[in-house]
Amino acid sequence: MLHLLYRKRVDGDLAVSRAFGDFQFKTSVDLPAEKQKVSCLPDIKVVPRTSADEALILACDGLWDVYSNEEACEEICYLYSVGENDMMLIAEEMLDLSLFKGSRDNISAVILKLPGAKVNTIEGESVTDRRERRASERDNIDDSHETEVESETEVDPIVAVEEEVEIEE
């Protein structure tokens, strides 16, 4: 059966990840529920784990719209490499970076540190350091923008002379 997928949506309307309810997409009476345009039955893929596995990323399409599997893994491994060990901060950073990269979808993620994670103790730019740097950069941009706005709206220091106008009654 052919289903129209347009901009990652069924019939240009329904996000593929939303399959509960939405009965207008399940109208083929001759098909069982799992064969309709959308189904809440998940696609399951079993991947054997090894002792070298470093992280498990469970995230919605808001993250995957802007990250490939490889890019997400590289980012997490980078954060491990500079000593970041707080998984909540790593997950939050992935969400922040998804927004920065232009994701406009719902973004949520759970990231599990697995036994193979290689977290270094070397100094580097931790998530907290990154946040502080970005905040400083935003402040500098805001300050320079305010200076530009102020210079555009400054009044000429020439003293204005008011002109008296007589109103006839």
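What share of the contacts with a separation of 6 or more in the protein comes from residues 24 or more positions apart? The share is 66%. The model behind this number is predicted.

## Fold and confidence

The protein has 169 residues. Its secondary structure comes to 4 helices and 5 strands. Read from the N terminus, the order is β-β-β-β-α-α-α-β-α. Buried residues account for 23% of the chain. The exposed area is about 13200 Å², and carbon and sulfur atoms supply 54% of that area.

How far can the prediction be trusted along the chain? Mean pLDDT is 79, with 73% of residues at 70 or more. Confidence is highest in strand β5 (residues 109-113), at a mean of 96. Strand β1 (residues 5-6) has the lowest mean, 46. The stretch 1-6 has pLDDT below 50, yet the model gives this stretch 13 contacts beyond near neighbours in sequence. Residues 155-163 also stay under 50. For residues 155-163 the model has 0 contacts beyond four places in sequence.

## The nonpolar core

The largest nonpolar core holds 18 residues. Y67, I76, Y80, I90, M94 and I111 touch the most other members. Elements that give two or more residues to this core are α2 (69-81), α3 and β5. Helix α3 supplies the largest share, 6 residues.

Y80 is one of those well-connected core members. Which residues does Y80 touch, leaving out those up to four places away in sequence? They are E54, A55, M87, I90, L112, K113, A117, K118, V119 and N120. Of these contacts, I90 is itself among the core residues that touch the most other members.

## A nonpolar patch at the surface

Strand β5 also takes part in a surface feature. L56, L58, V110 and L112 make a nonpolar patch of about 370 Å². Strands β4 (55-59) and β5 each give two or more residues to the patch. V110 sits in strand β5. Is V110 buried, partly exposed or exposed? V110 counts as partly exposed because its relative accessibility is 45%. L112, another patch residue, is also one of the contacts of Y80.

## Salt bridges

Side chains of opposite charge can pair when their charged atoms come close. The structure holds 10 salt bridges. Three of them are set out here.

| Pair | Closest N to O distance |
|---|---|
| E92 and R131 | 2.5 Å |
| D96 and R131 | 3.9 Å |
| E125 and R133 | 2.5 Å |

R131 appears in two rows, with E92 as one partner and D96 as the other. Why does the bridge between E92 and R131 tie together separate parts of the chain? E92 lies in helix α3 (residues 87-100) and R131 in helix α4 (residues 127-153), so the pair joins parts 39 residues apart in sequence. The bridge between D96 and R131 is 3.9 Å at its closest N and O atoms. D96 is in helix α3 and R131 in helix α4, 35 residues apart.

How covered are these side chains? E92 counts as partly exposed because its relative accessibility is 28%. R131 is partly exposed too, at 30%. D96 has a relative accessible area of 31%, so D96 is partly exposed.

The bridge between R133 and E125 has its closest N and O atoms 2.5 Å apart. R133 is partly exposed, with 35% relative accessibility. E125 is partly exposed as well, at 25%. There is also a network: salt bridges link E75, E93, R130 and R134.

## The loop before helix α4

S126 is found in the loop between β5 and α4. Is S126 buried or exposed? Its relative accessibility is 16%, and buried means under 20%, so S126 counts as buried. Which residues does S126 touch beyond four places in sequence? S126 touches V82 and E84.

## Summary

Helix α3 gives the largest share of the main nonpolar core. The same helix holds E92, which pairs with R131 of helix α4. Strand β5 contributes to the core and to the surface patch, and has the highest mean confidence, 96. Read residues 155-163 with care, as pLDDT there stays under 50.

Conventions
Residues numbered from 1 in each chain as written. Predicted model: local features only at pLDDT ≥ 70, side-chain atom pairs only at ≥ 80, totals over all residues. Heavy atoms only, no water. pLDDT = per-residue confidence, 0-100. Contact = heavy atoms within 4.5 Å. Salt bridge = Lys/Arg side-chain N within 4 Å of Asp/Glu carboxyl O. Buried < 20%, exposed > 50% of the residue type's maximum accessible area, 1.4 Å probe, protein only. Areas by Shrake-Rupley, 256 points an atom, 1.4 Å probe, with all protein chains shown as cover. Patch = residues over 30% accessible without salt bridge, like charges linked within 9 Å, V, L, I, M, F, W, Y side chains within 5 Å. Core = buried A, V, L, I, M, F, W, Y, C linked by side-chain atoms within 4.5 Å.
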